[in-house]
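User: I'm new to this one and would like a close look at a single part, the disulfides. Could you walk me through them, with enough background to find my way around?

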Amino acid sequence: MAPSPRRSSRKDANALPSASSTFWAIMILVGLLIAYCSQLAAGTCEIVTLDRDSSQPRRTIARQTARCACKKGQIAGTTRARPACVDARIIKTKQWCEMLPCLEGEGCDLLINKSGWTCTQPGGRIKTTTVFTV
């Protein structure tokens, strides 16, 4: 004779399978809302990581990673020292200064090998940016 299935005497032992469909619908909607809210609006960027290294005198090395949701024909770049979506042609031709990467009042110059640009402040301080693509 086959053993009979065991039944629990606890009232809440089988609560999970009998949860209402409304509960599961709400859980799915909450998950979708969280996923949707983490998406960026088209044409916007956000800084994901920012690391600074000041171990060398008179020199600070900063590395940042940005996440962008660019429109068609755009790619992640820098405008006014902030991550932004820029025309993809600028990146392909390495004409970095066309995306206006420097702050207002600073001068922009391409590095000789087009690997980046410099922003020169009126006081003579120079900020050099080199591009690293993955």
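Among contacts in the chain between residues at least 6 apart in sequence, what percentage join residues at least 24 apart? And once that's clear, please take me through the disulfides.

Analyst: Sure. Keep in mind that this is a predicted model. To your opening question: of the contacts between residues at least 6 apart in sequence, 15% join residues at least 24 apart.

A bit of background helps before we zoom in. The chain has two helices and seven strands, and if you read along the sequence they come in the order α-β-β-β-β-α-β-β-β. There are 134 residues in the chain, and 13% of them are buried. The accessible surface comes to about 10,900 Å², with 57% of that belonging to carbon and sulfur atoms.

Now for the disulfides. A disulfide is a covalent bond between the sulfur atoms of two cysteines. Searching the whole structure turns up four of them. Count the bonded cysteines along the chain and the pairing reads 1-2, 3-4, 5-7, 6-8. Let's go through three of these links.

Start with Cys70 and Cys85, whose sulfur atoms sit 2.2 Å apart. The torsion about their S-S bond is about -85°, so this disulfide is left-handed. Cys70 lies in the loop between S2 and S3, while Cys85 belongs to strand S4 (residues 82-87), so the bond ties together parts that are 15 residues apart in sequence. The two ends differ in cover: Cys70 counts as partly exposed at 27% relative accessibility, whereas Cys85 counts as buried at 14%.

Next come Cys97 and Cys108, with their sulfur atoms 1.9 Å apart. Cys97 is in the loop between helix H2 (88-93) and strand S5 (107-110), and Cys108 is in strand S5, eleven residues apart. This link is left-handed as well, with -80° about the S-S bond. As for cover, Cys97 is partly exposed with a relative accessible area of 21%, and Cys108 is partly exposed with 25%.

Then there's the bond from Cys102 to Cys119, where the S to S distance is 2.0 Å. Its torsion is about -85°, so it is left-handed. Cys102 lies in the loop between H2 and S5 and Cys119 in strand S6 (residues 116-120), so this pair ties together parts that are 17 residues apart in sequence. Here Cys102 and Cys119 are both buried.

To get your bearings around these bonds, pick out a couple of residues on the strands. Thr78 is in strand S3 (residues 74-79). With a relative accessible area of 19%, Thr78 is buried, because the cut-off is under 20%. Leaving out residues up to four places away in sequence, Thr78 touches Pro83, Ala84, Val86, Met99, Leu100, Pro101 and Trp117. Some of those belong to elements you've just met: Val86 falls within strand S4 (residues 82-87), and Trp117 within strand S6 (residues 116-120).

Arg63, in strand S2 (residues 61-69), gives you a contrast. Arg63 counts as exposed, at 52% relative accessibility. Apart from neighbours within four places in sequence, Arg63 is in contact with Thr49, Leu50 and Asp51. The C-alpha atoms of Arg63 and Arg52 are separated by 6.5 Å, though these two residues are eleven residues apart along the chain.

Conventions. Residues numbered from 1 in each chain as written. Predicted model: local features only at pLDDT ≥ 70, side-chain atom pairs only at ≥ 80, totals over all residues. Heavy atoms only, no water. Helix = DSSP H or I, 4+ residues; strand = E, 2+ residues; numbered from the N terminus. Buried < 20%, exposed > 50% of the residue type's maximum accessible area, 1.4 Å probe, protein only. Contact = heavy atoms within 4.5 Å. Areas by Shrake-Rupley, 256 points an atom, 1.4 Å probe, with all protein chains shown as cover. Disulfide = S-S within 2.5 Å.
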